[in-house]
Amino acid sequence: MDMEIEKTSNEKLNFKDGTISFEDVDFAYGEKIILKDFDKQFYKGLNYLVGDNGTGKSTIMQLICRILTPDKGKITIDGQNINNIEQKNLFKHISIVFANPYLFKGSIYENIVVGNLNAEKSDVEEVCNLVELEDFIKNNGNGYDYDVGESGQLLSSGERQKIALARALINKKPILLLDEAMKSIDEETRKTMNNVLKKIKNNKTIIIITHNLSEIEKSSNIIKIPNTINLSKPTS
Ligand SMILES: Nc1ncnc2c1ncn2[C@@H]1O[C@H](COP(=O)(O)OP(=O)(O)OP(=O)(O)O)[C@@H](O)[C@H]1O
Ligand SMILES: [Mg+2]
């Protein structure tokens, strides 16, 4: 099936409003049904994906990136079936931040610019200001050259996560996925990150997986993933 998709997927994404639509999607890992007739839309702005552990939130993000493909139904971006889009082109439109981002031994600058190797110093400064890293950069003694250490161990988890967000934002991709990106950070950094998301929400489709219902913006699109635990595939 993957080979079939690869053969036909040579379109470029014609990105317009940034509406991601699941149309009657079924998805299962083997016998384990995760989504059944899942029919939901994500829009430009803030979208929250909530649900119990194991209901399929991370799976939905993998489906959007086409790392996984639906068993039935389709996923479209601005009306275009993502199965028809060249994988490399699709990835050009999506950035992801996870709960435990990977930082490599090197400077803050290097760890951010890896998100967009064409970025200029001014772009790095712009995203660092946006995620409120400027005080840390001013006060750490080495500025942007500060060595974050192996796996970023010379930073706090909040600083690591701000760098991961800056790295995701520097490439200016129109779809931003955050898979529990604010799970293991302090209250203060979480507030900062939520403020950043509010600032950028007008020109990106942002999907946030969270278990922290108190931080959900009221006017946003909230999608609760139903628990399909009692569904199982008919044996035939
Ligand atoms: N590659 C896989 N093969 C088989 N089962 C999988 C695979 N990946 C995930 N699962 C199972 O599918 C279900 C949904 O997983 P998923 O990671 O999407 O859940 P989630 O909603 O993100 O959960 P959490 O809130 O714990 O992160 C889980 O029961 C998980 O164990
Ligand atoms: Mg998950």
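Helices (H or I, at least four residues) and strands (E, at least two) are DSSP runs, numbered from the N terminus. Keep that in mind for names such as α5 and β2 on this tour.

Before you click, note that this is a predicted model, in which local features need pLDDT of at least 70 and side-chain atom pairs count only at pLDDT 80 or more, while totals for chains, interfaces and linings use all residues. Residues are numbered from 1 along each chain as its sequence is written, and chains are lettered from A and ligands numbered from 1 in the order in which they are written.

**The whole chain.** Start with the cartoon: the protein chain has 8 helices and 9 strands. Its radius of gyration (taken over C-alpha atoms) is 19 Å, close to the 18 Å that the globule rule gives for 236 residues, so the chain is as compact as a globular protein of that length. That rule is 2.2 Å times the number of residues to the power 0.38. Turn the C-alpha trace along its principal axes and you'll find a span of about 65 × 40 × 35 Å.

Colour by burial next. A residue is buried if 20 or more other C-beta atoms lie within 10 Å of its own, exposed if 12 or fewer, and partly exposed in between, with C-beta atoms placed from the backbone. Of the 236 residues, 31% count as buried.

**Ligand 1.** Select Y29, K32, I34, G51, N53, G54, T55, G56, K57, S58 and T59, the residues around ligand 1; each has its C-beta atom, placed from the backbone, within 6 Å of the ligand. β2 (32–42) and α2 (57–64) are the elements that give two or more residues to this shell, and α2 has the largest share, with 3 residues.

**The open sheet.** Stay with β2 and follow the order β2-β1-β4-β5, an open sheet of 4 strands with antiparallel pairing; strands pair if DSSP finds at least two bridges between them. β2 and β5 (80–81) stand at the edges with a single partner strand each, so one side of each has no neighbour in the sheet. Zoom in on β4 (residues 72–77), which 2 bridges join to β5. There, I77 stands opposite Q80.

**A parallel pair.** Now pick β6 (residues 94–98), where 4 of the 5 residues are buried. β6 pairs in the parallel sense with β7 (residues 175–179) over 5 bridges. For a landmark, find F98 opposite D179 in β7.

**Around α5.** Which residues of helix α5 (residues 121–130) are buried? Show V124, V127 and C128. These buried residues cover an arc of only 100° around the axis, which puts them on the same side of α5; the arc is that of the directions from the helix axis to the C-beta atoms. Spin to the other side, and S122 and N129 are exposed. Back on the buried side, the cover includes α4 (108–113), α6 (134–139) and α7 (157–169). Just after α5, stop at E132, with its positive phi of about 60°.

**Two more backbone stops.** Most residues other than glycine have a negative phi. Go to the loop between α7 and β7 for K172, which has a positive phi of about 55° although it is not a glycine. K172 counts as partly exposed, with 15 C-beta neighbours inside 10 Å. Last, visit E180 in the loop between β7 and α8 (187–200). Phi of E180 is near 50°, and this residue is partly exposed, with 17 other C-beta atoms within 10 Å.

Key. Contact = placed C-beta atoms within 7 Å.
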